[in-house]
Amino acid sequence: MSAYILRRLWQMIPTMLGVVLLAFFLFNYVGGDPAYILAGKISSPEQIASIRRQLGIDQPYYVQLWIFIQQILTADFGSSWATNEPVSQIIITRIGPSLTILIPMLIIETVLSVLIAVGVAYVRGSLTDRAVMIGCTVAMSVSLLVYIIVGQYVLAYQLGWFPVQGWGNSFLENLFKYSPLPILLGVAVGIAPNTRLYRTFILDEINQDYVRTARAKGLSENTVMLHHVLRNALIPIITNLMTYLPALLVGDFLIERFFSIPGIGREVILAVERSDFPVIKAITVYVAAATMIVNLVADLLYQAADPRVQLK
Amino acid sequence: MSAAGQSAGLWQLAWRRLIADRVAVVSMVVVGLFLLLMIASGLNLIAANWSEEVAVGYAPPSFVGAAKKTAANAPRQADNGPNAYPGTVKDPLATEIAELRRQLDGGVTTSSEADLELGDLKVVDPLAKEMAEILGTTTVAARHELADTLPFGADKWGRDVIKKTVKGSETSIFVGLTAALLATIIGTVLGAFAGYYGGRIDDFFNWFYNVFTAIPYMLLILAIAAVLNQRGVTAVVLILGLTGWTGIYRLVRAEYMKHKSREYVQAADAIGASNRRRMFVHIFPNISHVSLVQLSVNAVGFIKSEVILSFLGFGVPVDKVSWGSMLNEAQNELILGYWWQLAAATLAMALLVTAFSMFTDALRDALDPKIK
């Protein structure tokens with residue numbers, strides 16, 4: 001096991017190096033001269049030269065790359081160009097709000113879509129099944145923007161059931177006052193694709209021999225579906241859930257933007273709008289590193305859930 | 001295709017299966033109509049004058065009826081209501097004639113009323129004067145026939161929402177299809193090289209793949225949007241195309257690995273076909289259905305992504321309209337109670353995406369050789 005983990009960590013190094021190179025290429029080369037962005041529209045050549053010296057971009061490329069790698073290793077990306085807030089500070093303070101929304105959202109969404117999927121898979125081929133599936137296809141076709149725009153307008157603005165937007169300082173206030181509507185809308189967006197996917201997973205299991213055996217020994221339908229079928233279908237479901245985990249680290253861009261939630265996603269959008277390269281660069285590199293770690297943990301958990309899986 | 005007259009090939013069989021599927025035919029017709037719409041709009045055959053002011057601002061849909069609140073702002077001439085609109089088979093020279101007339105009359109007599117109406121607004125809007133200059137005579141000429149209602153309402157500037165939706169469809173579908181084509185080409189070529197050659201080349205492309213998939217998709221898109229720092233159709237196509245190739249790369253790579261040691265490829269080798277020829281002339285036709293299905297899958301995904309990018313303001317520029325920019329405008333309109341632009345963009349998009357997804361499913365089933 002530890003040999004496996006070590007090897008996986010070893011394999012991450014070239015990928016991580018690639019991410020660093022990609023980020024470096026994008027932000028130091030494609031992105032243009034940051035001095036012009038920083039100096040603004042009216043700038044003298046002296047100002048430009050002084051900013052370039054400050055940022056170290058008058059150095060050759062390999063020196064700049066080395067500075068970038070040092071920044072990553074010391075977790076010191078300097079300050080945001082827009083707000084002067086240290087970038088590491090930004091990342092640490094924004095991750096909490098993102099998780100406050102995303103973790104409950106993921107749990108509720110998964111529980112609901114698994115239950116619906118078990119239900120429709122049990123009556124597969126029936127009118128209910130087909131109606132739910134067509135409903136899912138149509139629901140997936142409506143842009144997620146529309147769910148958020150209409151949901152926010154009707155439920156918060158018109159009916160006043162929830163605050164339109166906002167974020168407080170205490171965790172409980174945030175979770176119970178400001179989060180319910182974003183969570184509800186996030187669930188509404190995610191439930192259709194997940195139900196469709198989980199239904200196929202359950203259908204794959206429902207025709208297996210062990211299900212017939214379970215019925216033959218006289219088990220109730222509930223036991224067959226929940227203890228036998230669902231338990232086996234959980235393996236692909238967990239695999240699918242694992243692919244969502246990295247997304248937890250970047251937050252939900254649109255929901256955070258609409259509800260002014262100070263999370264990572266909103267920070268990225270703000271940074272893109274302001275051409276605030278240090279922030280996007282740092283978030284990209286850290287999220288990529290975290291994604292690889294999360295994927296490794298997911299594979300380890302996967303083996304714990306399914307003893308048939310051999311880690312090689 | 002080459003085996004005409006003999007037993008039906010994969011494509012013929014797939015086509016027969018597709019035609020036999022009622023859902024597939026209906027969705028194909030809907031997608032086809034949208035494509036025709038896109039081409040017609042791209043050639044300026046329809047909705048070319050979408051940016052013209054043909055009604056009062058926020059004119060409601062005809063089936064709702066004219067709004068009472070805006071009645072005070074509406075020019076008196078526009079009493080003929082919805083019937084005024086269908087008659088807009090416009091004289092192409094109308095603006096020029098109006099301009100000439102305006103010059104003859106000293107530019108006041110015919111449009112004095114409209115100008116007076118504009119008077120109050122000019123105080124509020126600091127750019128009103130420039131806008132009026134830019135819009136020039138079209139505004140003045142159009143003011144005479146401003147309608148109270150339109151079949152599906154008007155936006156803030158009195159532009160017809162239906163025409164706007166058509167124009168928006170053109171942008172969104174074009175971007176989705178072109179980006180999907182770009183991503184499919186990149187993914188197929190890289191996947192072909194990696195799967196066919198294996199070894200070092202495979203390692204290199206796999207490394208490339210790992211790097212791209214290590215960064216969450218939306219974050220990667222936004223990062224590239226940030227550095228390109230351009231708004232435009234080409235920029236969006238590049239952003240989506242350069243980030244979206246990873247899924248197809250994996251599938252095509254797996255197919256090439258499977259096919260490269262088959263007998264027909266060995267036979268091609270024996271008759272002296274070069275590696276490139278074996279890859280793209282011999283193997284590619286046998287795996288092209290994978291690329292085709294992925295093209296369709298990507299097109300649906302990219303249409304959705306384009307809408308989000310344009311909504312956030314990182315997509316098409318302001319002088320172009322897309323479903324995303326319509327939704328962006330509609331977000332603020334909704335609070336004022338003007339829901340029609342939101343409804344139009346949502347309906348158009350939902351219809352296309354539903355049909356396109358169903359078509360993709362049907363295509364996948366039809367091309368699956370296991371189902372006969």
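**Exercise 1. Determine which residues of α6(A) meet which residues of α15(B), and describe the crossing of the two helices.**

Solution. Step 1: T137(A), V138(A) and S141(A) of α6(A) meet A350(B), V353(B), T354(B), S357(B) and M358(B) of α15(B). Two residues are in contact if their C-beta atoms, placed from the backbone, lie within 7 Å. Helices (H or I, at least four residues) and strands (E, at least two) are DSSP runs, numbered from the N terminus. This is a predicted model, in which local features need pLDDT of at least 70 and side-chain atom pairs count only at pLDDT 80 or more, while totals for chains, interfaces and linings use all residues. Residues are numbered from 1 along each chain as its sequence is written, and chains are lettered from A and ligands numbered from 1 in the order in which they are written.

Step 2: By class, this contact of α6(A) with α15(B) has four nonpolar, four polar and no charged residues. Ala, Val, Leu, Ile, Met, Phe, Trp, Tyr, Cys and Pro count as nonpolar, Asp, Glu, Lys and Arg as charged, and the others, Gly among them, as polar.

Step 3: The axes of α6(A) and of α15(B), residues 340–367, come within 8 Å and cross at roughly 125 degrees. The arrangement of α6(A) and α15(B) is therefore oblique. Angles under 35 degrees count as roughly parallel, over 145 as roughly antiparallel, 65 to 115 as roughly perpendicular and the rest as oblique. Axes are lines fitted to C-alpha atoms, for helices over the stretch in contact, and angles run from 0 to 180 degrees between N-to-C directions.

Step 4: The crossing of α6(A) and α15(B) is right-handed. A crossing is left-handed if the near helix is turned anticlockwise from the far one by less than a right angle, and right-handed if clockwise.

**Exercise 2. Describe the side of chain A that touches chain B: its elements and its residue classes.**

Solution. Step 1: The contact between the chains involves 34 residues of chain A and 33 residues of chain B.

Step 2: Two or more residues each come from α1 (2–30), α6 (127–141), α7 (144–158), α11 (221–250), α12 (253–258), α13 (264–273) and α14 (277–305) of chain A. The most is given by α1(A), with eight residues.

Step 3: On this side of chain A, 25 residues are nonpolar, nine are polar and none is charged.

**Exercise 3. State how far α13(A) is covered, and by which elements.**

Solution. Step 1: Eight of the 10 residues of α13(A) are buried, and the helix is thus mostly covered. A residue is buried if 20 or more other C-beta atoms lie within 10 Å of its own, exposed if 12 or fewer, and partly exposed in between, with C-beta atoms placed from the backbone.

Step 2: The buried residues of α13(A) are I264(A), G265(A), R266(A), E267(A), V268(A), I269(A), A271(A) and V272(A). Their cover includes α5 (87–122), α11, α12 and α14 of chain A, together with α9 and α13 of chain B.

Step 3: The loops on either side can then be examined. S260(A) lies in the loop between α12 and α13 of chain A, and S275(A) in the loop between α13 and α14 of chain A. Phi of S260(A) is positive, near 50 degrees, in a residue other than glycine; the same description holds for S275(A), with phi near 50 degrees. S260(A) counts as partly exposed because it has 13 C-beta neighbours inside 10 Å. S275(A) is partly exposed, with 17 other C-beta atoms within 10 Å.

**Exercise 4. Compare the expected span of α9(B) with the distance between its end C-alpha atoms, and state its burial.**

Solution. Step 1: The expected span of a helix is 1.5 Å times one less than its number of residues. The 12 residues of α9(B), 217–228, should therefore span 16 Å, and the end C-alpha atoms are 17 Å apart, which agrees.

Step 2: Of the 12 residues of α9(B), 11 are buried, among them M218(B), L222(B) and L228(B).

Step 3: N229(B) follows α9(B) and has a positive phi, near 50 degrees.

**Exercise 5. Describe how α7(B) and α13(B) cross, and place this within chain B.**

Solution. Step 1: The axes of α7(B), residues 161–197, and α13(B), residues 275–312, come within 7 Å and cross at roughly 140 degrees. The crossing is right-handed.

Step 2: The residues of this contact comprise 15 nonpolar, seven polar and one charged.

Step 3: Chain B has 15 helices and zero strands, and 43% of its 372 residues are buried.
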